[in-house]
Every structure is written in C-alpha cells, then in structure tokens.
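Hi,

Here is the structure I said I would pass on. Have a look at it first, and my notes follow below.

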Amino acid sequence: HRRSLVEILNNLAAAVACGKLRILDVEELAAGTAEGRAVDSFEIGDTADLQSARESVDEVLSQAGLDDIHRQRTILCISEAVTNMLLHGGGHGVMTLRRLEDRLRTVVADDGLGLNFLNWIEPPSKGGQASMGYGYKIILDYLDAVALHTGPGGTTLLLDRFTN
C-alpha cells in the first residue's frame with residue numbers, strides 16, 4: 001500500500017512538474033544522497049551561511065564549464081531551496097554538493113516537521129500560503145531534475161544541474 005502511494009505521488013508530481021520532480025521513498029533517498037563524490041558541505045543556520053555556500057556552488061559550476069546564465073540560475077534555485085529550509089524547516093539544515101559523472105547535485109536537508117500536502121488544498125491561514133509559491137516554480141523551471149523526500153523527520157531536496 002505504501003509503495004502504491006509513492007507511485008501515485010510520483011505520477012502526479014511528474015504530470016504537474018513536466019517530469020522534472022520525483023518523490024523519493026527512504027531507500028531512494030539514501031541512494032540519491034550517497035551517489036557521486038561529496039565536494040563540499042555547509043551547515044546552514046542563516047542567510048550569512050548561504051552566501052559562502054553560493055560561492056562554493058559558483059566555483060564548482062565554473063570549473064565544470066557552465067556558462068554564466070546557467071550558473072546564476074542554479075545558484076538562484078539553491079538559494080530558494082535553502083530559504084525555504086530556513087523558513088519552514090526548523091531554521092537550520094545542511095546543504096551538500098555532490099559531483100556525479102554528468103551533473104552537480106545539491107542536497108538540501110532539514111530536520112523540520114516535513115511538508116503537509118493537505119495544507120495546500122485548504123484556504124491559507126491569515127498571512128499563510130496555500131501553494132508552494134514562486135520559489136518552487138523557479139526551481140522546476142531552471143533545474144534539470146528535482147527529487148523530494150519529506151516526512152516527520154524533515155524534508156530533503158536533490159537538485160540536479162547537468163554539466164555535460
């Protein structure tokens with residue numbers, strides 16, 4: 001039953017996100033976060049921490065030969081994901097860069113309460129938001145692949161930018 005729910009969510013996510021978003025189960029998350037070689041890792045607790053992480057991403061993407069526009073868009077997407085982590089994921093988390101054969105993967109993980117998808121179909125609370133907002137749209141528009149795992153132990157995003 002659990003597997004069929006993940007398959008339903010993946011089909012829905014693929015349809016909504018034009019095939020760029022996958023919902024991961026625990027095993028897929030473990031495999032995705034271990035794939036490739038770790039390049040750098042950052043504890044993120046505030047926007048100042050994000051700045052040094054952005055600089056590292058820019059350096060790695062530059063070394064991989066990505067042009068300015070793709071580097072800037074990738075950094076924007078990572079900034080959006082980390083900002084969401086800070087705002088909604090308990091105010092801190094970890095960002096890890098991983099180099100795979102054909103891509104740079106940024107893993108953004110928090111230990112917050114996880115996403116409650118039902119909140120998105122209810123009217124927003126005063127000052128609240130019923131949808132994922134523009135940051136999520138930017139991430140899907142500008143990155144090559146996005147994977148998500150969420151649960152009571154937190155939320156993890158795998159953000160992929162192809163480099164070949």
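**Salt bridges and a buried threonine**

Lys137 is partly exposed, with a relative accessibility of 46%. Its partner is Asp141, and the two side chains meet in a salt bridge at 2.8 Å, N to O. Asp141 also counts as partly exposed, at 46%. Both residues lie in helix H5 (residues 133-142), 4 residues apart, or about one turn of the helix. That spacing fits a general rule: an α-helix has 3.6 residues a turn, so residues three or four places apart point the same way.

Before going on, bear in mind that this is a predicted model. The mean pLDDT of the chain is 84, with 77% of residues at 70 or more. Go carefully around residues 119-124, where pLDDT stays under 50. Among the elements, helix H1 (residues 2-16) has the lowest mean pLDDT, 61, and strand E4 (residues 103-110) the highest, 96.

There are 8 salt bridges in the structure. One of them joins Asp58 to Arg71, with the closest N and O atoms 2.7 Å apart. Asp58 sits in helix H3 (residues 47-63) and Arg71 in helix H4 (residues 68-88), so this pair ties together parts 13 residues apart in sequence. Arg71 also forms a salt bridge with Asp68, at 2.8 Å. Arg71 is buried at 15%, while Asp68 is partly exposed at 46%. Elsewhere, Glu35, Asp102, Arg103, Arg105 and Asp160 are linked in a salt-bridge network.

Lastly, take a look at Thr155 in strand E6 (residues 154-162). Thr155 is buried, at 11% relative accessible area, and its side chain makes a polar contact with that of Thr150 (2.8 Å).

Cheers

How values were computed: Residues numbered from 1 in each chain as written. Predicted model: local features only at pLDDT ≥ 70, side-chain atom pairs only at ≥ 80, totals over all residues. Heavy atoms only, no water. Helix = DSSP H or I, 4+ residues; strand = E, 2+ residues; numbered from the N terminus. Buried < 20%, exposed > 50% of the residue type's maximum accessible area, 1.4 Å probe, protein only. Polar contact = N/O pair within 3.5 Å; in protein donor to acceptor, adjacent residues only side chain to side chain. pLDDT = per-residue confidence, 0-100. Contact = heavy atoms within 4.5 Å. Salt bridge = Lys/Arg side-chain N within 4 Å of Asp/Glu carboxyl O.
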